[in-house]
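The following exercises concern salt bridges, surface patches and pockets. Each task is followed by a worked solution.

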Amino acid sequence: MQTSEQFIEALNRKDISADHTLFKDYYVSLVMYAMHYVCQEEAEDIVQDLIMSIWEKSLCFPSPLSFQSFLYTSIKNRSFNYIKHKKAE
């Protein structure tokens with residue numbers, strides 16, 4: 001079992017074990033959070049896109065707290081962007 005600090009170190013190294021931990025530990029709660037703004041299908045898409053972008057970009061997180069803050073702020077912003085895009089259509 002990894003500590004939060006070990007998880008962040010693995011995530012920063014792009015270790016595949018961190019991807020599994022990210023999905024296992026954060027996916028459901030992030031989807032539930034996104035569902036405050038959008039419906040479930042869109043919430044799942046938003047969370048999956050965020051997780052993919054974390055792996056594609058060279059992001060480095062200094063601490064578990066900053067990582068969690070990044071996740072929830074990103075979900076909120078992506079949800080608002082989705083809503084704005086839908087209104088524009």
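**Exercise 1.** Which residues make the nonpolar surface patch of about 290 Å²?

*Solution.* The model is predicted, with local features requiring pLDDT of at least 70 and side-chain atom pairs pLDDT 80 or more, while totals for chains, interfaces and linings use all residues. Residues are numbered from 1 along each chain as its sequence is written, and side-chain values use heavy atoms, without hydrogens and water.

Step 1. A patch takes residues with over 30% relative accessible area and no salt bridge, joining like charges within 9 Å and nonpolar side chains (Val, Leu, Ile, Met, Phe, Trp, Tyr) within 5 Å. Areas come from the Shrake-Rupley method with a 1.4 Å probe, and for residues only the protein chains shown count as cover.

Step 2. V28, M32 and M35 make this nonpolar patch.

Step 3. M35 lies in the loop between α2 (16-34) and α3 (40-56); helices are DSSP runs of H or I with at least four residues, numbered from the N terminus. M35 has a relative accessible area of 34% and is partly exposed, the class between buried (under 20%) and exposed (over 50%).

**Exercise 2.** Identify the salt bridges and the accessibility of their partners.

*Solution.* Step 1. The criterion is a side-chain nitrogen of Lys or Arg within 4 Å of a carboxyl oxygen of Asp or Glu. The structure holds 2 such bridges.

Step 2. R13 and D15 are joined at 3.4 Å, N to O. R13 is exposed at 54% relative accessibility, whereas D15 is partly exposed at 27%.

Step 3. K24 and D25 are likewise joined at 3.4 Å, N to O. K24 is exposed at 65%, and D25 is partly exposed at 45%.

**Exercise 3.** Which helix gives the most to the lining of the largest pocket?

*Solution.* Step 1. On a 1 Å grid over the protein atoms alone, a pocket is an open set of points where a 1.4 Å probe fits, with protein on both sides within 12 Å along at least five of seven lines; lining residues have an atom within 4 Å of a point.

Step 2. The largest pocket has a volume of about 170 Å³. Of its 12 lining residues, Q2, T3, F7, T21 and D25 are the closest to its centre.

Step 3. α1 (4-12), α2 and α4 (64-88) each supply at least two lining residues. The helix sought is α2, with 4 residues.

Notes. Buried means under 20% relative accessible area, exposed over 50%, partly exposed in between (1.4 Å probe, protein chains only). Grid points are joined across faces, edges and corners, and a volume is the space filled by probe spheres set on the points.
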